[in-house]
Every structure is written in C-alpha cells, then in structure tokens.
Amino acid sequence: AKNVGVLAMEIYFPPTCVQQEALEAHDGASKGKYTIGLGQDCMAFCTEVEDVISMSLTAVTSLLEKYTIDPKQIGRLEVGSETVIDKSKSIKTFLMQIFEKCGNTDIEGVDSTNACYGGTAALFNCVNWVESSSWDGRYGLVVCTDSAVYAEGPARPTGGAAAIAMLVGPDAPIVFESKFRGSHMSHAYDFYKPNLASEYPVVDGKLSQTCYLMALDTCYKYFCYKYEKLEGKQFSISDADYIVFHSPYNKLVQKSFARLLFNDFMRNASSVDDIAKEKLSPFSNLTGDESYQSRDLEKVSQQVSKSLYDAKVQPTTLIPKQVGNMYTASLYAAFASLIHNKHSELAGKRVILFSYGSGLTSTMFSLRLHEGQHPFSLSNIATVMNVAGKLKWRHEFPPEKFVQTMKLMEHRYGAKDFVTSKDCGLLSPGTYYLTEVDSMYRRFYSKK
Ligand code: ACO
C-alpha cells in the first residue's frame, strides 16, 4: 500500500465544561494563573453519564456514519487510553458491539497504554499494519479516548476529556513520512497511576515539565539525525510548516516551541535569524541541565520565537486550550485544530508532531498533507468534525458544580450496582451515555 495515513477523523468532547477564569477564582489562585500562566481557556469534563467508553462509542459511530464506511470494511481496531475502567477487558471489546451487529468480528487489535502516548502507539500499529504483508485490504481504525481528572490542587485545572477516531488506509490526505521518526523512551516517575482505587494520578508537576522538554530535545535530535542521513541536508524548524505538540496545557507548548528554536540555535541552523542569534548567544555555554533551569533562557527564547510560534503552532492550539488535556487524544485534537483552522491551505504542507506520555515514552514524527478526494479530503474532515459548532453548543458549569461532579465520580470509580440519572438533556443526538453498572460490574449504555 502507498501513501498510508489518516483518511478521516472525528472528534467528540463532552458538552459540559468549566471556564478557567471562574475556576481560578473559585480555587483562590491568583488572577491569571490558569488563563495566562497555564494558557488555558476552558476545561471539558465527563458528568456521571459519560466515560471513555461512551465517548469512544460516539466518536466511532459518528465517523462510520458521516463518511459512510461499512463496519465490515474495518480490519483492525486499536484503542489508546490511560483511563482504566477494567484491568483486563479492553475498551476495544466494548467497541466491538458496533461491529458485531453488522456481522464483523474479524478485527485485530487491542488497547495500548502508556499515559498520553497510547494513541500514538495505536496509530503506529495501524499504519504499520496497512504497510505490512499481513494487511488484508481493509481499513484500520484508531481511537484515542481519555478523561483527564486530577485531585484538588495545582494540577486540577490541567484536566480535560475527549475521544478521537481516525480511519487509516492507503492514498490518504494525511500521509506518514514513516522514515522520519525519532523516539526517546526512559524510566521516570513524573506522572503515574499506582493507586488502583483512584482515577487520579500521582504527579510531580515540575519533574514532568522537565521530562517533557528533555524528551522533546532528544526526539528532535534523533529526528534531525535521521532526516539528515536520508535527505543529505540539515533539518530545522524551517522545514516544518506546522508543529503540533502534545498539550497538557498551552504554556508548555509555548515553551516547547521555544526550546526547538534554541536547539536550532545550538546546531547553528538556518532557521535562526541574526537577532535571535544575538539574543540567545549568552546561553550558548549552558550545560543541558542548566538550560532546563534557566528562567532567562525560557523568557528570551519564547520572545525570539514568538512570530514563528504564531505562524507554525498557534493554529494547532484551539481545542487543547478550550477542552484541556485530553491525554491520548490531546496531540490529535491539536492536529484537528490545525485542520479546522487551515484546511484550505494545507495541501503540500509538512506537519511535525511530538507525542509524549509520562513514565516515559515519546516520539517525533512527520506527516505530509494533500487535499485528497471526497469523502477523504481535508475540507470534508473539517466539515465532519465541526469543531466550531461543537465548541459553541457547550454548557458552562459553575466551578461548584464541577467540584460536585468530581466528588460523585470519585465515589463511582470502580463501583458497582448503581444506575445513573440517565439525564442526557445536554448531550446532542447520537451521543452514547452510561445508564447502569450492575452487581457484576457490567456496564450498560444507551444512544440518544
Ligand atoms: N498570572 C499570570 N501567570 C501566573 C500567575 C498569574 N497570576 N500565577 C502564576 N503564573 C504562572 C507561573 O509563573 C507559571 O508560568 P511559568 O512556568 O511560565 O513561569 C505558571 O503560571 C504556572 O504556575 P506554577 O506556580 O508553576 O504552577 P503550579 O506549580 O502550581 O502548577 C503544573 C503547574 C505543575 C503544570 C500543574 O498544573 C501540574 O502538575 N499539572 C499536571 C502535570 C502536567 O500536565 N505535566 C505536563 C507533562 S505530563 C502530562 O501530559 C500529564
């Protein structure tokens, strides 16, 4: 198969959200900490009728319907998630309900888990399958689904929730440049979920930021090395039209792009103009460790990269700023923002993506975009996703109600023998919702 990549996408996020400005005031944080300090506008969350299974059922069903894909045409289904509902039964098996109904049980693939990286692992599995000798000519389907919730405290405003479904096959408008990839995998305790009785992670916030930036540097180094070996010329951020980052919160994305420019400066790459060179030169002798600690470097590099950030990164930030960290779906929601904002100008463009999952696993990889043929065209993907409509139809909860919902969800996590309110008034038609968990922990869903 040739030009393998993403043919179609659909995104779902809960219609329930809380404004960061209101949350900031409610939490007693200083004004501007969540909005300017973290760079976030709004945060989506699941109420008691939604979870990662219902969101992924909604995203998959909607994708199949809107692109008129026969469920029999799916030969591989891979799910990326770090939200544990069952320690053995995969989310993929819940999604099989959609396919069994149509007589298709011949579908490979299970779930992939490592923090926010599982979606990328799932996507690579599907792309590799289509490129391999075991491919049977049918589509791959990737689902990233997560509900990111944190205990009360500084990490709470960095939650979010969403599911993204992506159809994978040949002759795609979004093609993998599979040769250009750099990974960095290592052992770290920056963010992990050792307490199986709680949905909340244990997080060392400062360490997780440094781990993220170190992983970015290392992936970029390997990525550039492979590019140079194959293309015979140096890679710099000038060779990328857009750069998409895993987005726990927007401030880290701003810092990440600045860090790439600093990398280019240290490699003496052509992307760095004379003004930037002059401003960054005082930092050229810092050791790696010192460079992660230097507030001045952070400030100056963000300053000199600002206009490039506005051109290459800003169009990718809409959904992550409005919905929050969606863990495995976060990177792909950022990419979806780019398609939403720029779909008519993307043909021929190269997009570099950086995927990071704490613990830690990370990869930088490259996509090449083409307009494509209906229904698998960039403009149709933008129409189907209808990001503007979905953002507009949301319902803002006051912080008190958000906190109340989190308390109820803590109580419900791992629980059995309850029925939900079945209140789907805020959900749009076609959305799946949880109705009951019975005495055997079996979960039941309905579709609005
Ligand atoms: N106005 C404007 N900016 C402000 C204000 C204010 N009133 N108050 C604080 N700020 C700024 C700070 O200067 C800081 O920005 P800087 O880093 O550019 O200096 C920012 O707001 C955050 O303030 P901190 O004091 O650093 O925040 P805190 O330590 O309380 O929490 C953190 C931030 C660590 C990110 C926390 O939310 C967290 O742990 N989140 C989860 C971990 C995470 O997402 N890690 C990322 C990679 S791993 C993953 O994807 C899960």
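Reader: In which sense do strand β11 (residues 242–245) and β12 pair?
Author: This is a predicted model, in which local features need pLDDT of at least 70 and side-chain atom pairs count only at pLDDT 80 or more, while totals for chains, interfaces and linings use all residues. Residues are numbered from 1 along each chain as its sequence is written. Helices (H or I, at least four residues) and strands (E, at least two) are DSSP runs numbered from the N terminus, and two strands pair if DSSP finds at least two bridges between them. Here I243 stands opposite I352 in β12, and the four bridges between β11 and β12 run in a sense that is parallel.

Reader: How many bridges pair β12 with strand β13 (residues 361–369)?
Author: The two strands form a hairpin with three residues between them, and in the turn G359 has a positive phi of about 115°. Along the paired strands, R350 stands opposite R368 in β13, while L353 has F365 as its bridge partner. The pairing is antiparallel, and its number of bridges is eight.

Reader: How many of the eight residues of strand β12 (residues 350–357) are buried?
Author: A residue counts as buried if 20 or more other C-beta atoms lie within 10 Å of its own, as exposed if 12 or fewer do, and as partly exposed in between, with the C-beta atoms placed from the backbone. By this rule β13, the hairpin partner, is mostly covered, with eight of its nine residues buried. Strand β12 is mostly covered too, and its number of buried residues is seven.

Reader: Which strands stand at the edges of the sheet, each with a single partner strand?
Author: The open sheet has nine strands in the order β5-β4-β6-β7-β1-β8-β13-β12-β11, and its pairing is mixed. Having a single partner strand leaves one side of each edge strand without a neighbour in the sheet, so the edge strands are β5 (111–112) and β11.

Reader: Which residue in β13 stands opposite M185?
Author: β8 and β13 run antiparallel and are joined by eight bridges. One of the facing pairs links M185 with a residue in β13, and that residue is T361.

Reader: Is R181 buried, exposed or partly exposed?
Author: R181 has its place in strand β8. Two residues are in contact if their C-beta atoms, placed from the backbone, lie within 7 Å, and, leaving aside neighbours within four places in sequence, R181 is in contact with F223, K226, T363, M364 and F365. With 17 other C-beta atoms within 10 Å, R181 is therefore partly exposed.

Reader: How far does helix α6 (residues 205–231) reach from its first C-alpha to its last?
Author: The expected span of a helix is 1.5 Å times one less than its number of residues, which for the 27 residues of α6 gives 39 Å. The helix is followed by G232, whose phi is positive, near 70°. The reach of α6 is close to the expected value, at 38 Å.

Reader: What covers the buried residues of α6?
Author: The buried residues include S208, C211, Y212, A215, L216 and C219. An α-helix has 3.6 residues a turn, so residues three or four places apart point the same way. The elements that cover the buried residues of α6 include β8 (174–185), β9 (191–192), β10 (202–203), α7 (250–266), β12 and β13.

Reader: Which element gives the largest share of the shell around the ligand?
Author: A residue is near a molecule if its C-beta atom, placed from the backbone, lies within 6 Å of it, and 22 residues surround the ligand, the closest being G32, G37, P154, G205 and P248. Two or more residues of the shell come from each of α2 (33–37), α6 and α7. The largest share, four residues, comes from α6.

Reader: How many residues does α6 give to the largest nonpolar core?
Author: A nonpolar core is a set of buried Ala, Val, Leu, Ile, Met, Phe, Trp, Tyr and Cys residues joined through C-beta atoms within 7 Å. The largest one has 134 residues, and among those that touch the most other members are A162 and L261. The share from α6 is the largest, and its number of residues is nine.
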